[in-house]
Amino acid sequence: MASVQPHRVRPGRGTELLLLVPALAIGIAGYLLAGLGATGAVPPHAMTYAIGTTVLAFAVHVVLRLRAPYADPVILPVVVALNGIGLAMIYRISIAYAARGRDDADIADRQLVWTAISVVLAIVVLLVLRDHRTLRRYTYTAMVVGLVLILLPLLPGIGRTVNGARIWVRVGPVGMQPAEFAKIALAVFFAGYLVTHRDTLALAGKRLLGLQLPRARDLGPILVVWAASLAVLVLQRDLGTSLMFFGLFVAVLYLATERTSWIVIGLTLFAGGAALAAATFSHVAARFDVWLHALDNDVFSRTYGGSGQLVYGLFGMANGGLFGTGLGQGRPDLVPFAYSDFIVAALGEELGLTGLVAILLLYTVLVERGIRIAIGVRDGFGKLLAGGLSFVVAVQLFVVVGGVTRLIPLTGLTTPFLAYGGSSLVANWMIAALLLRISDEARRPVPAVRAIATPDVGVPLPPVDEPRPVGGGRSTGRTGTPAAGTPAASTTAPVRTSTASRAADAPGAPDGPEPDDNPTERLGGDRR
Amino acid sequence: MNTPLRRLATLTLVMFVALMGAATWVQFFQAESLNTDSRNVRTLYREHGNARGPIVAGGVAIASSVPVDDPFGYQRTYADGDLYSAVTGFYSISNGRTQLEKYENDQLTGRSDQLFFSRIRDLLTGRRPEGAAVETTILPAAQQAARSALGDQSGAVVAIEPTTGRILALVSTPGFDPNSLAGHSTSEAGTQYRALEAAPGNPLRSNATQERYAPGSTFKLVTAAAALESGSYTADTPVPSPVEYTPPQTSRPITNFGGSSCGGDQVSLAEALRISCNTAFAELGVTLGEDTLREQSARFGFDDPDLTVPLPVTRSVFPTDLDPPALAQTAIGQRDVQASPLQMAMVASAIANDGRLMTPYLVDTVRAPDLTVVSQTEPQEYSRAVSAATADQLTQMMIGVVDSGTGRSARIDGVQVAGKTGTAQTLEGQPPHAWFTAFAPADAPRVAVAVIVENGGSLGNEATGGGVAAPIAKAVIEAVLAS
């Protein structure tokens, strides 16, 4: 850690290529096994499918080689594997539906098309967006876009209520779930807004009971978002989407301000709103009832809003047991919506607990990798954006898998990359593209001439109220000389001094931004 | 911002671990109860998708699964369904299952723990799992004889091999054809099921194991056993046998069948049994006392709620808190004392086997699909019902019943049959139930049998155990002895 020897960052494209092989193999083998298990024959278009998915994956790989050579090498293989597993399961379910003569048996082909569209759009994102900081310019545009997308389904004429939740928009033959895209827009808005206002939010205001209370005027935008997510909850009857937005917002707020008070305020607001909604609206209260008493016979057999779907999912997972029935050998078609909201139950049935945990571990790798990118990137906006996007994937997964496994009340959300649905797939591939773009910035070694700092945010306040050591635990990235904060810190927090100075010393303090340019080194020094 | 990022990373990790925990809870810890949930049609679908093991009697499959070309893959079929309906029960998609189909389900589906290695092998070789074969103790000739002899009459026959407890015949009438319920069309099977549910005589319930009746005079065997076991009586001990006996605390007298006398004011115990003298046994019961009778009946298997063969056998009841009038009625098998047909076969079986009651059982061997023996039932002693001396005296007394008493219609040329008739009064104005329980040959018994014909069968109000039930027992005994 103390070495000043420059560390050569390997771009990682070779690693990525190597990892893509098993990732593709999982998807293609799953597709073959699903066909073999369900019909006893190799799927008719197996070769086309294998070549198609391989071409798509390698297209992204090539674009990364050309336009983002330092991008994280793990994200793409993980996403390819998850998407492949999802395609295999949806194909398997479509076989079962076809056997039963259902008219939605074309889901596999449609999802295949959506996969191709998603990959193409992800490539477009990577090609068009050369530097993620460009997005910061569109902070308020993103807010407007995000809010419009959230509220779009409420518009009469184009909004559609599907299965009780009004989260669909349909214009002519094209339907979409705007919330999936709203989460990206809002992540951009939160990152841009909070990176500018983080200090005001963090430092101004009174202290009460050990909590730093924000000033009323700083609360404005936060209340707007709170109101918007409650509107989703109340008007669109969608607890899951509402939870996702609010979780994203509180997380980014906390990342920006490091104030626990925000978490407390955020959770209080949400809990209050949710409690009010539960007391006022029967469908919210019914969700809780279903969660707590899912196996009760009267709840189970309730015709509307009963626990039937949830319990069928549990039956499916229980049927899978530890090792699963094997692809094509279970009865996922007995679970309603096994291809979308309940795809986790279908996977749990046919791949067993082992397979389900493996899938959850893939998500863990994806999310932790995303947060690592946030830690590695140098600018505050990038940190907040990468952190927010990673967390929104985590929250979405938690809400839907937690709902299906009865950890939390069931609310409708799609499982990222796995579940059937164009909006979800496109949006999540775009998130992956954004993370890849940011990671390229995070891992790229900075050439010597790039010492001129990019305009940054989070400039430390004059040490009036609570001086903050910069470059230590609260590194904002590329901020001037880290040693500047140490004197003030040493008087208030001796423990921090040591870490801060260690972090500062390590790569050679006088060199200014140099140490920060090596993410690996900076990471090491930053450990607390 | 890196510290909160790390905390956020920890939080997401905690969230994912919680998800894995929840999945483990559902798929491992809760799986068993979810898989056996009655609302879980999946289990049934899976079972139908696999070859369910056959149920075998005398080397022939009486229930088997044959491959068919429909979404389930296999159709359960019953050869001679009506004949064996009390043994196999039925196996239906929407209406559940009964009897062996229910109580040996784990073996038949191959899910039993004993078939663990067979399952692992199927998993590794990719072979479709198959259920184990359940081989019953039923002797088809005896079963057929019992069924034919009962004919259209409502009732039950149970035959047991006294030395082992093997159940040789288990018949309940009216029976039903399980094939009608095993069809894959749930609406059709549902219609059939509702029709059978509403049918007179409740064919879906087995009279042999699930019903209990007043045992009538066959219970005098228990009273006589209690008297002999007490040590104060032998077969020749004279007992009071008035024309009318009025127990203490009542003014309603007990009379004999048709108001007849028992041939004097005092007869020997053997003579009282031979002519089935009510007054003698009623007074004897009051003399012996409630506790003595209860203990003796319990040693024959009464009041055992847990008896399974493996079909659960309904508990035969010896009533409690009896005043003398009730006790007098109980001692002759009337009023609140109740016995299943299987219970009365156990009484005869214990006397036949020198007082040693063997636990009755219906499943002999369970064989895995590769024909290896998974389990084999070993004969077990249920209880020492009476001493060998008592058993011997009771046997002599029962021979008297068949040779020259109320059970003469069970006589077989060249074979000594020991038996006891019973005619149990039922509701006011209804014909009585006709009972007969017997074993043969008396010196080396090979079969003990109990027969009940509900409401007098074809003879109606004129029915007696000797007239209606004894010929059926005779047919069964002949069938067993001929095999």
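How many residues of chain A are in contact with chain B, and how many of chain B with chain A? Keep that in mind as we walk through this predicted model.

**Stop 1: where the chains meet.** Show both chains and select the contacts: 47 residues of chain A are in contact with 29 residues of chain B. On the chain A side, pick out helices α8 (239-257), α12 (308-320), α13 (343-376) and α14 (380-404), each of which supplies at least two residues to the side touching chain B. Highlight α13(A) among them, since it gives the most, with 13 residues. Now colour this side of chain A by residue class: you should find 25 nonpolar, 14 polar and eight charged residues.

**Stop 2: the sheet in chain B.** Hide chain A and select five strands of chain B, which form an open antiparallel sheet in the order β6-β5-β17-β16-β15. Look at the edges: β6 (167-173) and β15 (418-424) of chain B each have a single partner strand, so one side of each lacks a neighbour in the sheet. From one strand to the next, the twist averages 5°.

**Stop 3: one strand pair.** Zoom in on β5 (residues 155-160) and β17 (residues 447-453) of chain B, antiparallel strands joined by six bridges. Label Ala159(B) here, and you will see Val449(B) of β17(B) opposite.

**Stop 4: the helices across the sheet.** Add α16 (residues 341-352) of chain B, which lies across β5, β16 (433-440) and β17 of chain B and runs at about 150° to β17(B). Then add α18 (residues 465-482) of chain B, lying across β5, β6, β15, β16 and β17 of chain B, at about 30° to β16(B).

Note on methods:
Residues numbered from 1 in each chain as written. Chains lettered and ligands numbered in written order. Predicted model: local features only at pLDDT ≥ 70, side-chain atom pairs only at ≥ 80, totals over all residues. Pairing = 2+ DSSP bridges. Helix = DSSP H or I, 4+ residues; strand = E, 2+ residues; numbered from the N terminus. Axes fitted to C-alpha atoms, helices over the stretch in contact; angles between N-to-C directions. Contact = placed C-beta atoms within 7 Å. Nonpolar A, V, L, I, M, F, W, Y, C, P; charged D, E, K, R; others polar.
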